[in-house]
Amino acid sequence: MSNHISRRDLLGSAAAAAVVPLAASSLGDSSPQISLKSKNPKLRDRTQPEVYTGQDLRFIGMPVGGLFAGTLYLGGDGQLWNWDIFNQKKDGAVERTNTEFMGESLSQGTGANYVDPVSQQSPFNQHFELIAEGKPEKRVRFGKINFRGEYPVGKVEYLNADSDVEMILVAFSPFIPLNVDESSYPATTLTFKITNVGKIQTQYRLQYVTENPVLTFTRKKRSDFKLTAEKSSTGGILFGTSSVKSDEPIRSEIHYQDWSSGTYGNWVPSGTAFGKTPRKVSELPTYMGPVKAGTEFVVNTHQNRNGEDVGQADAHVGLLVSPEFIIARNYINMRVGGGSHKGETCVNLVVNGKIERSVTGHDSNEMAWESFDVRNLAGKAAHIEVVDSFTGGWGQISLGEVVFSDATRASAPLEESHDFGTFSVEFAGGANQTTIGGTSVVGKSVSLAPGESKEVTLIVAWHFPVVDSGLPGKHNWYATKWANAGEVSQEILSKWTHLCNTTLAWNKTWYDSTLPHWFLDRTFVNTSILATTTCHRFDDGRFYFWEGIGCCAGTCTHVWGYAQAIGRVFPGVERYLREKIDFKKAFHQESGAIDYRAEYHQIVAHDGQCGCIMRAYREHQMSKDNKFLTGIWPQVKKATQYLINQDQDRDGILDGAQYNTLDTAWYGKIAWISSLYLATVKATEAMANAMGDKEFAKECAAIAESGSKQMVDQLYNGEYFIHKLDPAHPESNNTNNGCHIDQVYGQSWAHQVGLGRIIPKKETVSALKALFKYSFYDDVWEYRRKVKGIPGGRWYAAPGEPGLIMCSFPHGGAAESVGKGGDAWATMYFNECMSGFEYQVGAHMISEDLVDEGLAVVYAIHQRYHGSKRNPYNEIECSDHYGRAMASYGAFISMTGFKVDGPNGKMSFSPKKSGKFRCGFINERGWGTYDRSSSGVETVTYAHTV
């Protein structure tokens, strides 16, 4: 690459570039299905940006809040929805009941939101609107809306109004690669460019209408508070709450039930979940932990009294119904625990045959006080029913004391409520209309001459400090930076020029490229997972990630090991995870083992162990010097030695039990895990050389060299790489002769960090071609309807949709994959399509010059997540906004051939396209644009440096 570095100012025109009219796309219509198996060359075309309109707007929900600050969606019509900012434990972006599909009842974790996507909904009422001022005023209605998503920036165009006006919205939360703090505001910004297309001077008002959202959930359970709303000095509103004491006389409580008799008394159980009597708390299984029932006996439907295991105990169903009673107090207070499945693990209050109130558990055995406000039901006959109709995980409900009272029973002080906090609405330059009430309005007016345009910027911020009780932290990080939401808004306004221009400069940098628009969209879109409740940052500085929203604790090493985006866009986050979690909190100094879920599951996942070491090398490359690596090198070395110790003959093929991301321990010679092992020792060799540890570097190099040969000699069947079983473990799940999606995963990782070959190219390319031949389908149903011997599988690619199957069996062996007496349930994964795995393969294909095949695999995912079908911004695996999907960024690395060696100040590109080429980049010192002219002259331009 040329040493010449030119510099240009991208900031001055960035804001203007963001509000140009939106053009239609040749690939962005509502019928995007094209044949991919034939390696469609159209996928290489630049094309026009994809624009959604009409019915394709229904499911759009682009995360538009700050990193680690909850989940806020921008809808296809520009309205804000979801609002998962209140620290409520949720399984998925939007909790829901099961849905029926292909004869199965699908839950959140098995694909309900994929096959039956949700449209706009929110826990409180709010919206923006454009008002044509005058006598009378009227709300402007638009006949056509176009949406263009370029995460982190959403652009919405409003046309064909019933007034002479057009409007363009540009929405984002500040987003600056390499700067985590300035990308983590608990806020969003909406800038409206309003244009008078009429012939007379006209005045319009953009206004935001909202309820006070503070205590949105808690207000249903307690009465010791008063909602507040204060007008700011700039005309905005700061919403909050304060504690109050009621002056109303308190009648004596009625202790309706506490199960102290050890029987159900007049309550009537049915089904098998409740047994014949309540459970004695001291006899509940110890793995449930402290349930905090407060009584000797409790209703609990985790029915293990007959020796059932955990899954079987949750599978019982039943109903418990109380006698009828007259509602004689203001509140019904209950201790409730168990599953959070609405309508399926719940306690209901029934009046005249109608469910008037309902509450679930919170996926916790620890019981908490819940309250029904029944003041409007006073004097009516009612009964309580305890429902358990859910048979999967957390298919249980617990009920303790039931007390009728004129006051709620709080489990904690008001300020410890998860939705206690503040909410702010402000306009840049100040609002000129403010109305405070049950529904409040903040507005800003503009007077427009014919043809004139003006911009109005709205800032909406939130500040809810106390995190969900299922998380290991206490408070959100943002609570350490700002005292309330008003301070958040004011800081954004004070730094608006910098924050806006730099965010839009990044947007311009990413899209000012010769790569296809669809490819740029899809490979960066999953970075938005950081701006959902999958990802958290606590007041002690800890970064902590679910696998997907509410799903599977502990920043799981074998899931996040696939993710490439964070380490490239916000490498400081990944450096923290290596320094403070993988090689400290989760690290066993005596052995080198890394607990794959830190404190949540203290065993090694072998693919995760490899992934931690590979990511340590990537984070070293994205650092300015050797300081990071020097600090963790002793642990990295020991972690690699842990793996070497499981390679008994040092031949480069791992031995023994190998627990992995498919949720069981496999045995035998496993191509994909050993390939990761080879990439790991190769990366460790490079790190050892950087640290001056020549002896260990030599040992690692020898293993890598041997393993490269042994992979071919022992595990290559002439077409692809396989899994040779260990006869001592016939129960082990396996892929035997199957064509497994990750079979050369280690070589894929090696390309991502510039390590060169760890498996010979000829055999690697043959394996990738076999995957495309045997496992890639234009219609996955063509495979799934025919496969024999493997039961089920979740639906992340539906009939009629394209995808790369996890493991096909072109030469037989599907029935043998379940082992003998093993964990047969986990083999369902082999039938599935999961985007994170697919991206890994697509990126690898591109790296090996199988560009058309790789683009087809990536576009298959893009096609599945078209707005006409479901939310394009929510890739699902087990739960919503699943972390493994961040592997998408790896395909971008492969297409550009980007390599970086930060400590030595080196960066290079080898694009998979001849002639003129341009793309964005991020390295250890900043970000900008790489240009290669048609004559081969290379130029690097920095738009932002750190």
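**Exercise 1. Disulfides**

Task: Find how many disulfides the predicted model holds, and check where C612 stands.

Solution.
- Step 1. Apply the cut-off: a pair of cysteine sulfur atoms must lie within 2.5 Å.
- Step 2. Count the pairs. By this rule the count comes to 0 disulfides.
- Step 3. Check C612. Its nearest cysteine sulfur belongs to C610 and is 9.3 Å away, and C612 is in no disulfide.
- Step 4. Look at its surroundings. C612 has a relative accessibility of 0%, so it counts as buried.

**Exercise 2. Confidence**

Task: State the average pLDDT of the protein, then name stretches where the pLDDT is below 50.

Solution.
- Step 1. Take the average. The protein has a mean pLDDT of 93.
- Step 2. Take the share. At least 70 is reached by 96% of the residues.
- Step 3. Go to residues 1-20. Here the pLDDT is below 50, and the stretch has 45 contacts in the model beyond near neighbours in sequence.
- Step 4. Go to residues 24-31. The pLDDT is below 50 here too, with 23 contacts beyond near neighbours in sequence.
- Step 5. Draw the lesson. Predicted coordinates should not be read in detail where pLDDT is low.

**Exercise 3. A sheet of 9 strands**

Task: Give the strand order of the open sheet of 9 strands, and explain why β2 and β15 stand at the edges.

Solution.
- Step 1. Write the order: β2-β10-β11-β12-β13-β32-β29-β16-β15. The pairing is antiparallel.
- Step 2. Look at the ends. β2 (52-53) and β15 (225-231) each have a single partner strand, so one side of each has no neighbour in the sheet.
- Step 3. Zoom in on one pair. Strand β11 (residues 153-161) and strand β12 (residues 165-172) run antiparallel and are joined by 5 bridges.
- Step 4. Pick one residue. G154 has A171 in β12 as its bridge partner.
- Step 5. Add the helix. Helix α5 (residues 496-511) packs on the sheet and touches β10, β11, β12, β13 and β32. The directions of α5 and β12 make an angle of about 90°.

**Exercise 4. A sheet of 3 strands**

Task: Describe the open sheet that contains β3, β4 and β5.

Solution.
- Step 1. Set the order. It is β3-β4-β5, and the pairing is antiparallel.
- Step 2. Find the edges. β3 (61-63) and β5 (80-84) have a single partner strand each, so each has one side without a neighbour in the sheet.
- Step 3. Note the twist. From one strand to the next it averages 30°.
- Step 4. Check the pairing of β3 with β4 (residues 71-75). The two are joined by 3 bridges. One residue to find is M62, whose bridge partner in β4 is L74.

**Exercise 5. Salt bridges**

Task: Find the number of salt bridges in the whole structure, then examine the pairs D91 with K89, R335 with E401, and R918 with D931.

Solution.
- Step 1. Recall the principle. Side chains of opposite charge can pair when their charged atoms come close.
- Step 2. Count. The whole structure has 44 salt bridges.
- Step 3. Take D91 and K89. Their side chains meet at 2.8 Å, N to O. Both residues are buried.
- Step 4. Take R335 and E401. The N to O distance is 3.0 Å. R335 sits in strand β23 (residues 331-338) and E401 in strand β28 (residues 397-405), and the pair links distant parts of the chain, 66 residues apart.
- Step 5. Test both for burial. Buried means under 20% relative accessible area. R335 has 18%, so it is buried. E401 has 13%, so it is buried.
- Step 6. Take R918 and D931. The distance here is 3.7 Å, N to O. R918 belongs to strand β45 (residues 917-922) and D931 to strand β46 (residues 926-932), so the pair ties together parts 13 residues apart in sequence.
- Step 7. Test burial again. R918 is buried at 17%. D931 is buried at 16%.
- Step 8. Look for a network. Salt bridges link E574, R578, D582, R615, R618 and E619.

**Exercise 6. Two single residues**

Task: Decide whether E344 is buried or exposed, and locate N645.

Solution.
- Step 1. Place E344. It lies in the loop between β23 and β24 (345-351).
- Step 2. Judge E344. Its relative accessibility is 13%, so it counts as buried.
- Step 3. List its contacts. Leaving aside neighbours within four places in sequence, E344 touches T97, N98, V387, D388, S389 and F390.
- Step 4. Place N645. It is in helix α11 (residues 627-645).
- Step 5. Judge N645. Its relative accessible area is 45%, so it is partly exposed.
- Step 6. Relate N645 to A843. They are 198 residues apart in sequence and 31 Å apart in space, C-alpha to C-alpha.

Technical notes:
Residues are numbered from 1 along each chain as its sequence is written. This is a predicted model: local features need pLDDT of at least 70, side-chain atom pairs count only at pLDDT 80 or more; totals for chains, interfaces and linings use all residues. Side-chain values use heavy atoms; hydrogens and water are left out. Two strands pair if DSSP finds at least two bridges between them. Helices (H or I, at least four residues) and strands (E, at least two) are DSSP runs, numbered from the N terminus. Contact means heavy atoms within 4.5 Å. Axes are lines fitted to C-alpha atoms, for helices over the stretch in contact, and angles run from 0 to 180 degrees between N-to-C directions. pLDDT is the predictor's confidence in each residue, from 0 to 100. A salt bridge is a side-chain nitrogen of Lys or Arg within 4 Å of a carboxyl oxygen of Asp or Glu. Buried means under 20% relative accessible area, exposed over 50%, partly exposed in between (1.4 Å probe, protein chains only).
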